[in-house]
Amino acid sequence: MSLDEKFNTAATSVKDMKSRPSDSELLELYSLYKQATCGDCSADKPGALDLKGKAKWEAWTGRKGMAQDAAKEAYVTLANTLITKY
């Protein structure tokens, strides 16, 4: 199975978890997913009142410079861990 196939399978499987991961785990998944699919963050920083948007932006920006294939591998590893845990 190719890396892209593993990534797509993990992304689909994450949606079917029986219980919800913690906010920090979800942010980590989000940031890896965005880095893997879009590359470095190019969006403007959200305003101070948009706490959720700001947290997501900061998580994604923290991955700056990470290769998309490396992000896919990390996403698959984290997703499989969370699927087993939850």
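This note covers the annotated span, the nonpolar core and helix H3 of a predicted model.

1. Basis. In this predicted model, local features need pLDDT of at least 70 and side-chain atom pairs count only at pLDDT 80 or more, whereas totals for chains, interfaces and linings use all residues. Residues are numbered from 1 along each chain as its sequence is written, and side-chain values use heavy atoms, with hydrogens and water left out.

2. Annotated span. An unreviewed UniProt entry lists residues 3-86 as "domain: ACB"; such annotations may be inferred rather than shown by experiment. The span is 68% helix and 0% strand, with its end C-alpha atoms 23 Å apart. Helices (H or I, at least four residues) and strands (E, at least two) are DSSP runs, numbered from the N terminus.

3. Nonpolar core. The largest nonpolar core (buried Ala, Val, Leu, Ile, Met, Phe, Trp, Tyr and Cys residues joined through side-chain atoms within 4.5 Å) has 14 residues, of which Val14, Leu29, Tyr75 and Ala79 touch the most other members. At least two residues of this core come from each of H1 (3-14), H2 (23-38) and H4 (68-85). H4 gives the most, with 6 residues.

4. Tyr75. Leaving aside neighbours within four places in sequence, Tyr75 is in contact (heavy atoms within 4.5 Å) with Phe7, Ala10, Ala11, Val14, Leu29, Leu32 and Tyr33.

5. Helix H3. In H3 (residues 51-61), the buried residues (under 20% relative accessible area, 1.4 Å probe, protein chains only) are Gly53, Trp57 and Trp60. They line one face of the helix, because seen down the axis of H3 they fall within an arc of 65°, taken from the directions from the helix axis to the C-beta atoms. Their cover includes H2. Leu51 and Lys52, on the other side of H3, are exposed (over 50%).
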